[in-house]
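Biologist: Please take a close look at one part of this model for me. I would like the aromatic ring pairs, and the fold around them.

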Amino acid sequence: MTRPLRLEFAGALYHVTARGNRSNLIYRDDFDRLVWLEIIEQTCKRHQCVVHSYCQMGNHFHLMIETKSANLSQAMRHLNGLYSEYFNQRHNIVGHMFQGRYKAILVQRESYLLELSRYIVLNPVRAKIVRSIEEWPWSSFQYFVAENTPPAWLQRDWLLGQFGPTHAQAMKSYCDFVLAGVGKSSPLAATRHRI
């Protein structure tokens, strides 16, 4: 069976997930998470991508990533490849780290982007890993609701611009929007045209 073609074009926005093989952990400790963040920085710089939202879980991650060129496959090969090499070497493991290829859904900005940004950062709450989203330091949420300086690869201005004319008002409105999503069903149930 042949793999479906990936739809790639300049300026495309994707929801990307990758899960550990057999649902194994892909982050065993905070050091693993920090290395992954360093590798995503390298990936974005090398492949001219920006991330609008992210969340590191235990056995998978979520990214809302925009490609400036038609190169999502190259960027993901770089990210997952380098991280797999690091992880296997550090933890003395042999074999595939990820369960198949990553999943990518092309995002329509008008209808899906805001809901997706909320869904991504609420993952730890929905999975009952933490009670409150503020308790999870491994997502982009912290950079959208506080004055923490985001890494260069994380683009927050466009998304915050959807929530208010001033930075302070936008941060509060975004926080309220995210918290209003606690307990709501996943927006992924309504997705179409998965690629």
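Modeller: What follows goes from the ring pairs to the sheet and helices around them. Keep in mind that this is a predicted model.

The count comes to 13 aromatic pairs. Take Tyr27 and Tyr83. Their ring centres lie 5.8 Å apart and their planes make 50°, so the pair is tilted: that angle is neither under 30 degrees nor over 60. The pair links distant parts of the chain. Tyr27 sits in the loop between strand 1 and helix 1, Tyr83 in helix 2, 56 residues apart. Both residues are buried.

Next come Phe31 and Tyr86. This pair is tilted too, with 6.4 Å centre to centre and 50° between the planes. Phe31 belongs to helix 1 and Tyr86 to helix 2, 55 residues apart. Tyr86 counts as buried because its relative accessibility is 16%. Phe31, at 47%, counts as partly exposed.

These four residues belong to a cluster linked by ring pairs. Its other members are Trp36, Tyr54, Phe61, Phe87, Phe98 and Trp153.

Now the surroundings. An open sheet of 4 strands runs in the order 2-3-1-4, with antiparallel pairing. Strand 2 (49–56) and strand 4 (103–106) are its edges. Neighbouring strands are turned by 20° against each other on average, direction ignored. Helix 1 (residues 30–47) packs on this sheet and touches strand 2 and strand 3 (60–67). Its direction makes about 160° with that of strand 2. Helix 2 (residues 72–91) lies across strand 1, strand 2, strand 3 and strand 4. It runs at about 145° to strand 3.

Note on methods. Residues numbered from 1 in each chain as written. Predicted model: local features only at pLDDT ≥ 70, side-chain atom pairs only at ≥ 80, totals over all residues. Heavy atoms only, no water. Pairing = 2+ DSSP bridges. Helix = DSSP H or I, 4+ residues; strand = E, 2+ residues; numbered from the N terminus. Axes fitted to C-alpha atoms, helices over the stretch in contact; angles between N-to-C directions. Contact = heavy atoms within 4.5 Å. Phe/Tyr/Trp six-rings, centres within 6.5 Å; stacked < 30°, edge-to-face > 60°. Buried < 20%, exposed > 50% of the residue type's maximum accessible area, 1.4 Å probe, protein only.
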